[in-house]
Amino acid sequence: MEGFCEDSPPYLVPTEHPWEVLARFSLRGRRVLTIAGSGDIPVYLASHGPASLEAVDVSRGACFLTELKRAAYRHYARREFVRFFLGGTASWPLLFEDAGADPSPDPPERSLLYGSVRQHLSSAAQAFFDQRLMDCSEEKHPFAEFLRPTDMWHVSLLPPVRSDEAYGLWSSGARLNFPIHCASLEDFVPATDSCFDLVYTSNVFEYLRTRIVLQASVSAFRGFMRSFWVALHRILAPGGRLAVYVFQGHETEPFARMLKELAPPRPLRYKRHLMPVTLRPKALPGAVWRHVVVFFEKTFH
Ligand SMILES: C[S@@+](CC[C@H](N)C(=O)[O-])C[C@H]1O[C@@H](n2cnc3c(N)ncnc32)[C@H](O)[C@@H]1O
């Protein structure tokens with residue numbers, strides 16, 4: 001499992017699917033911090049009417065892609081969105097069937113679409129995408145280096161690609177101009193002056209654990225988590241939650257281990273909630289994936 005850094009390529013589509021779990025909380029008027037990732041999760045969270053939202057990601061590419069996704073959700077119709085990001089990936093017929101879009105690549109259309117949102121991007125994001133999108137050729141998919149082998153399954157689980165209704169929700173979220181910080185979560189949390197009701201961390205702890213255990217030891221990771229909790233406790237409002245996406249079923253041994261290692265120090269008195277996620281990717285008939293979103297809730301004591 002590789003680590004992430006400033007130059008890591010972004011994920012083109014999310015590989016985690018917290019949509020239904022996150023929809024169970026009222027985020028209206030709440031303050032949210034989230035990992036930016038592919039950009040779809042921040043835009044989704046923004047659609048729930050938070051008072052504020054901030055996105056953070058260690059990868060510059062992920063931050064730029066989040067800007068581009070937000071602009072695309074705001075300005076493109078669903079078919080344009082699907083063709084812009086995924087056109088030319090013709091081996092994904094189910095995707096295009098759902099989106100009612102033509103799967104064939106259309107580079108001139110892609111350049112035109114990019115031109116229509118470019119002005120809404122920061123100059124750094126423009127510089128990042130100009131070379132990929134201003135002069136697209138048919139030979140090279142502009143986002144090829146962001147694609148991962150499992151993306152064709154994940155994309156079939158992304159609600160805005162599948163229905164106009166969901167796309168409308170994401171488009172409404174994209175109207176919020178939230179800040180996107182290029183920093184690691186572990187550097188951002190101790191340094192910020194903001195206060196949050198929800199901190200959504202994707203599965204970054206899984207990667208941090210691997211890195212710290214390989215470089216040092218399991219006890220070094222436990223030490224890291226203790227310091228992280230002290231920093232997080234300072235910025236979480238009473239009743240606020242840290243959310244962690246775990247790519248394991250809740251009855252598995254790795255899940256139990258992860259839960260133990262992530263747990264806040266007892267004196268902080270957090271409550272824990274486990275929300276299972278069951279996924280049946282349409283593009284992978286018969287497969288069932290079991291994940292969990294773990295919430296640690298700060299009590300009012
Ligand atoms: C953690 S990755 C996970 C992607 C996917 N869910 C998976 O299973 O591999 C999602 C995003 O987190 C970002 N990321 C990874 N470690 C981070 C860290 N320590 N701080 C901030 N962002 C981080 C990556 O750049 C990426 O955009």
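**Reading the model: a guided tour**

Guide: Begin with a pair of residues. In strand β7, E297 stands opposite K271.

Visitor: What should I know before going on?

Guide: Two points. Numbering starts from 1 in each chain and follows the sequence as written. The model is predicted, and local features need pLDDT of at least 70, side-chain atom pairs count only at pLDDT 80 or more, and totals for chains, interfaces and linings use all residues.

Visitor: In which sense do β6 and β7 pair, and over how many bridges?

Guide: First the terms. Helices (H or I, at least four residues) and strands (E, at least two) are DSSP runs, numbered from the N terminus. Two strands pair if DSSP finds at least two bridges between them. Here β6 pairs with β7 (residues 289-298) in the antiparallel sense, over ten bridges.

Visitor: How many residues of β6 are buried?

Guide: Count C-beta atoms placed from the backbone: a residue is buried with 20 or more others within 10 Å of its own, exposed with 12 or fewer, and partly exposed in between. By that count β6 is hardly covered, with one buried residue among its ten.

Visitor: And which strand is mostly covered?

Guide: Look at β4 (residues 196-200). Five of its five residues are buried. Two strands run parallel to β4. β1 (residues 31-35) joins β4 through three bridges, and T34 has Y200 in β4 as its bridge partner. On to β5 (residues 236-246): four bridges join this strand to β4. One of the matched pairs is V199 with L242 in β5.

Visitor: With which residues is I35 in contact?

Guide: Contact means that two C-beta atoms, placed from the backbone, lie within 7 Å. I35 lies in β1. Leaving aside neighbours within four places in sequence, its contacts are V56, D57, L185, Y200, T201, S202 and V204. I35 is buried because 23 other C-beta atoms lie within 10 Å.

Visitor: How many residues make up the largest nonpolar core?

Guide: The general idea: in soluble globular proteins, nonpolar side chains tend to be buried together. A core here is a set of buried Ala, Val, Leu, Ile, Met, Phe, Trp, Tyr and Cys residues joined through C-beta atoms within 7 Å. The largest one has 75 residues, and L45, A72, V199 and V244 have the most contacts inside it. Helix α3 (residues 60-75) supplies the largest share, eight residues. Beyond four places in sequence, A72 is in contact with F81, F84 and V117.

Visitor: How many residues of α3 are buried?

Guide: 13 of its 16, so α3 counts as mostly covered. Check its length too. The expected span is 1.5 Å times one less than the number of residues. For the 16 residues of α3 that gives 22 Å, and its end C-alpha atoms are 23 Å apart, which agrees.

Visitor: How many residues surround the ligand?

Guide: A residue is near a molecule if its C-beta atom, placed from the backbone, lies within 6 Å of it. The ligand has 22 residues around it, and F4, S59, A62, S184 and L185 are the closest. β2 (52-57), α11 (185-191) and α12 (204-215) are the elements giving two or more residues to this shell. α12 gives the most, with three.

Visitor: How many of the shell residues are nonpolar, polar or charged?

Guide: Ala, Val, Leu, Ile, Met, Phe, Trp, Tyr, Cys and Pro count as nonpolar; Asp, Glu, Lys and Arg as charged; the others, Gly among them, as polar. The shell has twelve nonpolar, seven polar and three charged residues.

Visitor: Where is S202 found?

Guide: In the loop between β4 and α12. Its phi is positive, about 50°, although S202 is not a glycine. S202 is buried, because 22 other C-beta atoms lie within 10 Å.

Visitor: Is R269 buried or exposed?

Guide: R269 counts as exposed, because it has 12 C-beta neighbours inside 10 Å. R269 sits in the loop between α14 (253-262) and β6 (270-279). Its phi is also positive, near 55°, and R269 is not a glycine. From I35 to R269 the C-alpha atoms are separated by 25 Å, with their places 234 residues apart along the chain.
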